[in-house]
Amino acid sequence: MSNREILKPYIILTKFLGNFLGQNYEVVLHDVAAPEKSVIAIENAHISGRTLGSPLTDLSLKILQDKLYLKQDYISNYISMTSSGKQVKSATYFIKDEDNNLMGLLCINMDTNRFLDIQKIVDSFMGTSDDY
């Protein structure tokens, strides 16, 4: 079975998750067979600015190089940065075939900037300060 055949159901899942999670969550599906144009589905792309056909990120390339997918099925709750410097909380699910070969990546990136802004507002109401 080809990468595209294995990944086809995940295109709908990408749309579903993007719709359900909402505008603060980007959901990206990568086909690792084409690292230079790996994005085959993306929802809420405003978070990273990526589009269909965008390449794998440096982190994703490192995952491929280190073969992390052979040791686990996913990684989650890590901080990464978009190309514009925006901080996101991320998770990556490794899509593998029956022989444990990596076929794709399903990534979810949460835009944490709004929550960081809320934290600053709450801190200001609480009168907390780092100044002594």
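The protein contains three helices and five strands in this predicted model. Along the sequence, these elements are arranged in the pattern α-β-β-α-β-β-β-α. The C-alpha trace extends over about 60 × 30 × 20 Å along its principal axes. Of the 132 residues, 39% count as buried. Among contacts between residues at least 6 apart in sequence, 43% join residues at least 24 apart.

The exposed area of the protein amounts to about 8300 Å², of which carbon and sulfur atoms supply 55%. With regard to charge, the protein carries 13 positive and 16 negative charges, and the mean positions of the two sets are 3 Å apart.

Six salt bridges are found in a search of the whole structure. One of them joins the side chains of Asp31 and Arg4, with an N to O distance of 3.1 Å. Asp31 belongs to strand 1 (residues 25–31) and Arg4 to helix 1 (residues 3–21), so this pair ties together parts that are 27 residues apart in sequence. Asp31 has a relative accessibility of 4% and therefore counts as buried, the cut-off for this class being under 20%.

A salt bridge is also formed between the side chains of Arg50 and Glu26, at 2.9 Å from N to O. Here, distant parts of the chain are again linked: Arg50 is placed in the loop between strand 2 (39–43) and helix 2 (58–66), whereas Glu26 lies in strand 1, the two residues being 24 apart. Both Arg50 and Glu26 are buried.

The side chains of Asp73 and Lys96 likewise meet in a salt bridge, with an N to O distance of 2.9 Å. Asp73 is located in the loop between helix 2 and strand 3 (74–81), and Lys96 in strand 4 (residues 87–96); this pair, 23 residues apart, links distant parts of the chain. Asp73 counts as partly exposed because its relative accessibility is 45%, a value that falls between the limits of under 20% for buried and over 50% for exposed residues.

On the surface, a nonpolar patch of about 670 Å² is made by Phe115, Ile118, Ile121, Val122, Phe125 and Met126. Of these residues, Phe125 is situated in helix 3 (residues 113–126). The relative accessibility of Phe125 is 70%, and this residue therefore counts as exposed.

Terms used
Residues numbered from 1 in each chain as written. Predicted model: local features only at pLDDT ≥ 70, side-chain atom pairs only at ≥ 80, totals over all residues. Heavy atoms only, no water. Patch = residues over 30% accessible without salt bridge, like charges linked within 9 Å, V, L, I, M, F, W, Y side chains within 5 Å. Areas by Shrake-Rupley, 256 points an atom, 1.4 Å probe, with all protein chains shown as cover. Salt bridge = Lys/Arg side-chain N within 4 Å of Asp/Glu carboxyl O. Helix = DSSP H or I, 4+ residues; strand = E, 2+ residues; numbered from the N terminus. Buried < 20%, exposed > 50% of the residue type's maximum accessible area, 1.4 Å probe, protein only. Contact = heavy atoms within 4.5 Å. Lys, Arg positive; Asp, Glu negative; His and termini not counted. Charge placed at Lys NZ, Arg CZ, Asp CG, Glu CD.
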